[in-house]
Amino acid sequence: MLKFLVFADLHYSKSLMAVTVDHLDEILKRAADEKVDFVFHLGDFCTDYFESPEIVKAYKNNKWGLPVYGVYGNHEMEGGVLNTMELITPTLCNRDVNFGKTGEPYYYTDIKNFRLIALDTNYSFNPNTNEWEHNIPGSYGARAGNNPVATVHPEQMQWLKNLLEDAKQRGMKVLVLSHHTMIKDWYDYPNNADEVRTLIECYSGTVLMAINGDLHTDHFEIRNNVAYYDVNVALWADWITDSEAPYPYPEDATFEYSEFDKDGNFIKKYQKPYNSLQRKSLYHKEPLSAIVTVSEDGNIEITGSETEYLYGIQPNREKNGVKPYIPNRKAKIDVNF
């Protein structure tokens, strides 16, 4: 049996978002209290790693000594040209993993009789160089002119196939984790989601779940004997896209903000107004996460979490799964193949 905590889309960004290190610690404390095997973040953890050593330290060197892992989201390299893969990739995990290729951030690790495969969906094809390239520093997507723009690229696909076949031969169970969903009904990224899902489902009975973030919604379904799970956004419920719109919260509404120096050392705490942030956003009152327990016989149990919208102000998104909670669930995958 494997028991772990997942959370998605923390979007830590000091000047933009009312998301703090304390919020991350709330998530990690839950993991410690539940005595999980590890914690996994599903991308968009931070938008500027170079300027945010405090959030990296809080995760990798967490005070509970928890094993932690993560994947790249589409916002991971957004913060500027100093946010390189060489800087960010080592921050994903605090345990040794097997990277697909030197310098490439997709990887796998084996825990008990389970294999975790962490995909990176941030590859695009550059027609000028005739090569696949990863999202570049200072971007939140592919280089202009690249197509397709978000893909599990061919080299990674072959790597994934080899790992799935090896796991099957060894009698292991597999969890596939990524930022983008492999259910193309809901979203266009990755562009080859159908191809990835077809491959995964060829190993039904070996692959138990594919887990993702990105959509800021809650969704769970079983297709062709594989469970697909979109994990709801941790704290940031929605954004106000109209630049002329007023800030959504009262003038005197504040949150507890922690200030750190350039090395990520704590300086002080104080109350910071929501209306002082550069981005007008809506939030959950507390961060959401899910405890997932899977067994080798295919049983899946999800223990969610529940909060409410801050000041009762709801997002204006008409999309299934937008809600301030993660429900509990139970499911069964047939492993008799």
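## Exercises on a predicted model

The largest pocket is lined by 23 residues, and Asp44, Asn74, His75, Tyr187 and Asp214 are those nearest its centre. A pocket is an open set of points on a 1 Å grid over the protein atoms alone, with protein on both sides within 12 Å along at least five of seven lines; lining residues have an atom within 4 Å of a point. The model is predicted: local features need pLDDT of at least 70, side-chain atom pairs count only at pLDDT 80 or more, and totals for chains, interfaces and linings use all residues. Residues are numbered from 1 along each chain as its sequence is written, and side-chain values use heavy atoms, with hydrogens and water left out.

**Exercise 1. Describe the largest pocket and the largest cavity by volume and lining.**

Step 1. The volume of the largest pocket is about 450 Å³; a volume is the space filled by probe spheres set on the grid points, which are joined across faces, edges and corners.

Step 2. Its lining divides into nine nonpolar, eight polar and six charged residues. Ala, Val, Leu, Ile, Met, Phe, Trp, Tyr, Cys and Pro count as nonpolar, Asp, Glu, Lys and Arg as charged, and the others, Gly among them, as polar.

Step 3. A cavity is a set of points where a 1.4 Å probe fits but cannot get out. Four cavities of 30 Å³ or more are found in the whole structure, and the largest cavity holds about 60 Å³ of space.

Step 4. Among the residues lining the largest cavity are His11, His75, Trp236 and Arg279. This lining has three nonpolar, four polar and two charged residues.

**Exercise 2. Decide whether strand β12 is enclosed, and find its partners.**

Step 1. Helices (H or I, at least four residues) and strands (E, at least two) are DSSP runs numbered from the N terminus. Buried means under 20% relative accessible area, exposed over 50%, and partly exposed in between (1.4 Å probe, protein chains only).

Step 2. Five of the five residues of β12 (226-230) are buried, so the strand is largely enclosed by the rest of the structure. On one side these are Val226, Tyr228 and Asp230, and on the other Ala227 and Tyr229.

Step 3. Two strands pair if DSSP finds at least two bridges between them. Strand β10 (207-212) runs parallel to β12 and is joined to it by four bridges; Ala210 has Tyr228 as its bridge partner.

Step 4. Strand β11 (219-223) runs antiparallel to β12, with five bridges, and His219 is partnered by Asp230. Two residues lie between the strands of this hairpin, where Asn224 takes a positive phi near 50°.

**Exercise 3. Locate the unusual backbone values and state the exposure of Lys35 and Tyr311.**

Step 1. Most residues other than glycine have a negative phi, and most peptide bonds are trans.

Step 2. The bond between Asn147 and Pro148 is cis, with omega about 0°. Pro148 is in the loop between β8 (131-134) and α4 (154-170).

Step 3. Lys35 has a positive phi near 55° and sits in the loop between α1 and β2. Its relative accessibility is 69%, so Lys35 counts as exposed.

Step 4. Tyr311 has a positive phi near 60° and lies in the loop between β19 (305-306) and β20 (325-326). Tyr311 counts as partly exposed because its relative accessibility is 47%.
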